[in-house]
Structures are given as C-alpha cells and as structure tokens.
Amino acid sequence: MPVESSSSAASRQAKQKRKSHSLSIRRTNSTEQERSGLQRDMLEGQDSKLPLSLRSNLLDLFSQIEREFENLYIENLELRREIETLNDRLTGEGQTFEGTDLAKGALKTKASHSTSQLSQKLKTTYKASTSKIVSSFKATTSRAVCQLVREYVGHRDGIWDLSVSRTQPVVLGTASADHSAMLWSIETGKCLLKYMGHQGSVNSIKFHPTEQMALTASGDQTAHIWRYMVQLPTPQPVADVSQTPCGDDDVDFSDKDEADGEVEGPNDCPSVRVATTTLRSHQGVVIAADWLVGGKQVVTASWDRAANLYDVETSELVHSLTGHDQELTHCCTHPTQRLVVTSSRDTTFRLWDFRDPSIHSVNVFQGHTDTVTSAVFTVGDNVVSGSDDRTVKVWDLKNMRSPIATIRTDSAVNRISVSVNQRIVALPHDNRQVRLFDMAGVRLARLPRSNRQGHRRMVCCSAWCEDNTTCNLFTCGFDRQAIGWNINIPALLQEK
C-alpha cells in the first residue's frame with residue numbers, strides 16, 4: 001500500500017481547508033441573502049411614506065452596522081479569553097519564579113509593569129465613584145440638616161430675584177419675568193400684594209432699609225420705587241416635612257418640569273399699579289438695583305453698560321458709572337458704607353467708592369474668565385463674586401490683588417448671597433442645585449433635590465433671612481416658584 005508523502009498530505013489539507021472556508025462563506029452569504037430577502041418582503045408589506053429603494057438602502061446600511069457590531073463582540077470575547085489565560089499563566093509563574101530561568105523573570109517583570117498600568121487605569125476609572133461614596137459618609141457624619149419648609153407659588157413665569165424686607169412686618173419679595181413682583185407671608189406662603197407697574201420683566205427687587213418701600217428693576221428700561229402696606233395673616237402650623245441631611249446622595253428621579261402647566265395666580269391678592277418714583281435714563285434693560293446705606297440714593301445696573309446713581313427724593317441722576325465693556329449683570333451696595341460693586345459680562349467686577357464726596361474712585365478686578373453674574377459685600381471687609389466660569393471667589397477689600405479663597409463647582413453660578421451671622425455663602429446653579437460653602441471655600445452642604453422637593457429648573461437667586469426661625473434661606477428659579485428652607489449647620493462643622 002503506497003504511503004502518502006508529507007508534502008502531498010499538507011497540500012490536500014490546505015485544499016480541504018480552502019474548500020470548507022469557501023463553503024462557509026457561501027453558506028453565510030446565502031443566509032444573509034435569505035435574511036435580506038425576507039426583510040425586503042417585510043418592508044414591502046409595511047405601510048411607509050419612504051420609497052422602497054430608500055428603505056432598502058437603509059436596511060443594507062443597518063445590516064452592515066449589525067455585522068460590524070457582531071464582529072466586535074466576537075473579538076471582545078476572544079480578548080477576554082486571552083486575558084483570562086494570561087492571568088492564569090502569570091499566577092503560575094509568580095508561584096514558581098524562584099526555579100525559573102531569566103527569560104521567565106523578564107516575562108514576569110513585563111507582566112508586572114502591565115499589571116501596574118492596568119491598576120492605575122482602574123484607579124482613575126473608579127476615582128469619581130469612590131469620592132461620591134466618601135462624600136456620602138461625610139454627609140451622614142456631619143448631620144447638617146436642610147429642611148424644605150414652604151413653597152411660594154403664584155407667578156406665571158420664571159422668578160429672577162428675591163429679597164427679604166429689613167423692617168416689620170418681615171415679608172418675602174419676588175421679581176418675575178411675568179412683569180410682576182409679589183410680596184409673600186413667610187409663615188403661611190400667602191401672597192400679600194402684587195406690584196404690576198412694569199411693562200417688562202421684573203429683574204430684581206430690594207427693600208428699603210427702614211421704610212416700607214420696594215425698589216424694582218425691569219426690562220422696560222426703568223426702575224420703580226413703590227410703597228406697600230400689608231397685614232400678615234395668622235401663622236399656620238408648618239407641614240411635617242422630614243428633615244433631610246444635606247449631602248450629595250440625593251437622587252434626581254426626574255428631569256421633567258412639573259411646573260410647565262399654567263399656574264393660576266392668587267385671585268384675592270391686592271395689587272399696586274402705580275409707582276411712587278420712576279427712574280429713567282437707561283438705554284437698555286435694567287437688570288438690577290439696590291439701595292445705598294441710608295436709603296436716600298439708589299444704584300441701578302443696565303445692559304447699556306452703565307450703572308446710574310439716583311437721588312430718591314428728586315429722582316434725578318447723580319452719577320453715571322461707566323467703564324464696563326459689556327452688559328452689566330448685577331449691582332450691590334455695602335450694608336454700612338457708601339460702596340458699590342457692579343458685575344459685567346466683560347469678566348470683571350468694579351468697586352466704586354463714594355465715601356469721599358469729592359473723589360469717586362473705582363477699582364477693576366479681573367479674577368474670572370467668564371461673565372461675572374454677581375458680586376456681593378459681606379458684613380466684614382470681604383467681597384464674594386460668582387461667575388459663569390463655575391467659580392466663586394472671596395476677596396479682601398484691603399488687598400484685592402488676589403482672592404483669599406476660590407470655590408470650584410460643576411455648573412455656572414447665579415446670584416449668590418452671604419449670611420450675616422454664620423457667614424455662609426449660598427450658591428444657586430444652572431443645574432438646579434444649591435450648595436453652601438463657608439468663607440474659606442469649604443463645602444458645608446447641598447440642598448436636597450429630588451422629584452418630590454427642590455427646584456426643577458435653573459436656580460436664579462438665593463437670599464438669607466436669619467431673623468426668622470422658620471425659614472432662614474430662600475431660593476427661586478425658573479420653575480416659577482420660590483422655596484423657603486430651614487438650614488441647620490452645626491458650629492463644629494463650620495469650624496472644620
């Protein structure tokens with residue numbers, strides 16, 4: 001019996017391999033052809049406005065995408081098997097390294113280097129998750145409590161600004177894009193008065209330091225001063241709202257805006273339609289206004305790149321503060337001194353000094369890289385500025401060359417506020433969050449937000465009211481509501 005040579009045997013095996021490969025290709029092609037034919041038959045039976053040729057081309061493209069994903073999936077499985085095999089080999093070589101030769105030692109060294117790189121990648125990948133876990137542990141141990149006490153609902157559009165009166169009776173004021181400003185009972189959440197004298201969006205509201213007067217700025221290029229007289233209703237028991245520890249472990253269950261429906265305003269709320277004083281001279285939207293110490297003068301900030309200083313009694317323009325290169329976004333006055341700070345889209349804020357009647361000095365500060373949304377004074381000698389560059393910076397009035405603290409966040413910061421007693425900075429964000437920091441830049445808490453409580457759209461402003469025991473922080477946003485919070489942060493946590 002003749003014996004087949006090794007070369008002829010190898011040749012026959014190669015022919016059989018090519019034959020089987022071609023059979024598999026034909027089998028695959030026939031299967032795909034049958035599948036595509038079946039799918040085309042299904043397309044012809046479906047009701048669609050697309051031409052059959054276009055639908056067929058789309059089907060071919062999707063089939064190619066499916067095949068690519070299938071190939072990637074198979075390669076992924078093979079790579080996983082190879083990784084498992086290599087891990088087994090590395091484990092065995094590690095156990096017998098003492099008796100192996102130099103080549104295996106070099107192999108282990110290379111494998112160890114690869115393992116260290118893999119470990120570093122794993123650390124980088126899971127760093128954020130670990131940080132969140134650690135933050136949740138910190139939140140539970142700090143026991144900072146943020147309780148939602150009351151919601152103030154009645155505006156028909158987003159609320160830009162809010163403020164708390166400094167005289168009795170203490171009321172909450174809100175300024176809305178629905179062309180109105182409202183005064184609310186803090187204890188009951190009832191609307192006490194509605195001001196409807198503006199012809200445009202009401203962008204800010206501030207109360208006179210000693211009298212029952214309010215100052216509002218509007219998109220109608222004016223600022224109005226108007227008097228109010230309100231009577232507080234009988235306080236009602238606060239609803240039993242469970243106290244929620246402040247932290248980063250609150251879950252956002254829904255992104256939808258539940259306040260998109262038309263909100264009915266308070267029908268029994270009295271209204272005021274005529275201003276006591278109307279301040280004109282701006283050529284653009286008046287975005288903010290505030291009272292100077294004493295209440296005899298007011299300052300307004302406008303999109304015409306100027307801030308104006310007015311006399312309240314005569315409504316005359318005293319000074320026009322120019323110098324910003326772009327629209328102004330906010331203005332604020334010092335509580336005890338004749339100082340004004342203006343913010344602008346030109347990434348700067350300016351400090352105007354009117355303490356000396358004969359000299360009006362100005363200092364320009366370039367500490368941000370995007371729009372400065374607000375800059376506010378504290379009771380001490382500090383200025384706190386917030387920006388769309390997602391940072392908040394604390395400055396010392398005596399040396400403002402560089403900030404003494406910088407707070408970095410994950411979202412643009414809107415109109416901030418600083419508590420007088422506790423010196424806590426409340427940061428309202430575009431991403432619907434409100435965070436609390438101390439003046440050293442240490443994060444203290446985050447207000448809870450879920451599908452049951454908190455803001456459902458951008459938070460525009462925050463304001464403190466430390467004389468009230470029920471609500472000591474208020475926030476408003478473009479979900480058409482203002483919220484009153486009770487913030488309880490232990491002194492030990494603030495010292496940290």
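Good morning. I begin with Ile65, which is found in helix H2, spanning residues 52-95. Please bear in mind that the model is predicted. Ile65 has a relative accessibility of 42% and counts as partly exposed, because that class lies between under 20% for buried and over 50% for exposed. Ile65 also belongs to a nonpolar patch on the surface, together with Leu50, Leu54, Leu58, Leu61, Phe62, Phe69 and Leu72. The accessible area of this patch is about 780 Å² in total.

I turn now to the cysteines. How many disulfides does the structure hold? There is one, formed by Cys191 and Cys269, with 2.5 Å between their sulfur atoms. That separation is accepted here because the criterion for a disulfide is a pair of cysteine sulfur atoms within 2.5 Å. The torsion about the S-S bond of Cys191 and Cys269 is about -45°, so this disulfide is left-handed. Cys191 lies in strand S5 (residues 191-195), while Cys269 sits in the loop between strand S9 (244-245) and strand S10 (271-272); the pair therefore ties together parts that are 78 residues apart in sequence. Both partners are buried: Cys191 has a relative accessible area of 5%, and Cys269 one of 12%.

Two further cysteines deserve mention. Cys471 takes part in no disulfide, and the nearest cysteine sulfur, belonging to Cys465, is 8.4 Å away. Cys471 is buried, at 0% relative accessibility. Cys476 is likewise in no disulfide; for this residue the nearest cysteine sulfur is that of Cys461, 4.9 Å away. Why does Cys476 count as buried? Its relative accessibility is 0%, and buried means under 20%.

Thank you.

Technical notes:
Residues numbered from 1 in each chain as written. Predicted model: local features only at pLDDT ≥ 70, side-chain atom pairs only at ≥ 80, totals over all residues. Heavy atoms only, no water. Patch = residues over 30% accessible without salt bridge, like charges linked within 9 Å, V, L, I, M, F, W, Y side chains within 5 Å. Areas by Shrake-Rupley, 256 points an atom, 1.4 Å probe, with all protein chains shown as cover. Salt bridge = Lys/Arg side-chain N within 4 Å of Asp/Glu carboxyl O. Helix = DSSP H or I, 4+ residues; strand = E, 2+ residues; numbered from the N terminus. Buried < 20%, exposed > 50% of the residue type's maximum accessible area, 1.4 Å probe, protein only.
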